[in-house]
Amino acid sequence: EVTDWSITITSDNNTPNPPPVINGLTYEGNPFNVIENNISTSSLNVSDFGSINDVNLLISGFNICGNSYLGITLQSPNGTSVEIANLNTLGGVLFYETNFDDEASNHIDDGIDPYFNSFQPVDNLSAFDLEEINGNWELVVYNQSGCSSEITNWSLIIDLENFSGCS
């Protein structure tokens, strides 16, 4: 039985920092289930044209048995693959609005669940720089556990050198 307790709240008049602005065009992928002990993929067709200057991957999802059983790779329409997180990179069971960005100050290995921040991926997303944006992008998730997993949302934020939207 609790008979006595207190809480202290301190505040100041400083203006909080605004959330970081991620420059570029956003392309939304579809949520998908990640089958246990298998590889699951989701395709995202980009109909715009332009030369890539920078790519970020924003992703949310979970694995009931633990994120350490997930390996995540992004593949461009040109066939270039970038490893985002390999097995045992992620901890906990949840990642929420995790922004993978080469320019982030922290590497994904240094993050903790729910990874609500920007992190450098295992490999460099700059491998996509100067490629053509147009075509099918693939998010590939390997699930080494016997538990189901889900990618609840994912999107690409792409900054282009030469943008030509489709009409």
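Which residues make a nonpolar surface patch of about 380 Å²? The legends below start from the whole chain and then turn to this patch and other sites in the predicted model.

**Figure 1. Overview of the predicted chain, an arrangement of ten strands and zero helices.** Along the sequence the pattern reads β-β-β-β-β-β-β-β-β-β. The chain has 167 residues, and 39% of them count as buried. Among contacts with a separation of 6 or more, 73% are between residues 24 or more positions apart. About 9300 Å² of the chain is exposed, and carbon and sulfur atoms supply 46% of that area.

**Figure 2. Close-up of the nonpolar surface patch formed by V93, L94, Y96 and F116.** These four residues make up about 380 Å² of nonpolar surface. V93 sits in the loop that runs between strand 6 (81–85) and strand 7 (94–100). The relative accessible area of V93 is 39%, so this residue is classed as partly exposed: the class lies between the buried limit of under 20% and the exposed limit of over 50%.

**Figure 3. Close-up of the hairpin made by strand 5 and strand 6.** Strand 5 covers residues 70–75 and pairs with strand 6 in the antiparallel sense, over four bridges. One of the bridge partners is S81 in strand 6, which is matched with Q75. Five residues lie between the two strands, and G79 in the turn has a positive phi of about 95 degrees.

**Figure 4. Close-up of N143 and its surroundings in strand 9.** Strand 9 comprises residues 135–143, and N143 belongs to it. With a relative accessible area of 0%, N143 is buried, because buried means under 20%. The side chain of N143 is joined to that of N63 by a polar contact of 3.2 Å. Beyond its neighbours within four places in sequence, N143 is in contact with residues including V34, I35, E36, N37 and N38. Further contacts of N143 include Y69, L70, S148 and S149.

**Figure 5. Close-up of G146 in the loop between strand 9 and strand 10 (149–164).** Is G146 buried or exposed? G146 is exposed, as its relative accessible area is 58%. Residues up to four places away in sequence being left out, G146 touches E36 and N37. N37 is 109 residues from G146 along the chain, yet their C-alpha atoms are separated by 5.8 Å. E36 and N37 are also among the contacts of N143.

Conventions
Residues numbered from 1 in each chain as written. Predicted model: local features only at pLDDT ≥ 70, side-chain atom pairs only at ≥ 80, totals over all residues. Heavy atoms only, no water. Patch = residues over 30% accessible without salt bridge, like charges linked within 9 Å, V, L, I, M, F, W, Y side chains within 5 Å. Areas by Shrake-Rupley, 256 points an atom, 1.4 Å probe, with all protein chains shown as cover. Salt bridge = Lys/Arg side-chain N within 4 Å of Asp/Glu carboxyl O. Buried < 20%, exposed > 50% of the residue type's maximum accessible area, 1.4 Å probe, protein only. Pairing = 2+ DSSP bridges. Polar contact = N/O pair within 3.5 Å; in protein donor to acceptor, adjacent residues only side chain to side chain. Contact = heavy atoms within 4.5 Å.
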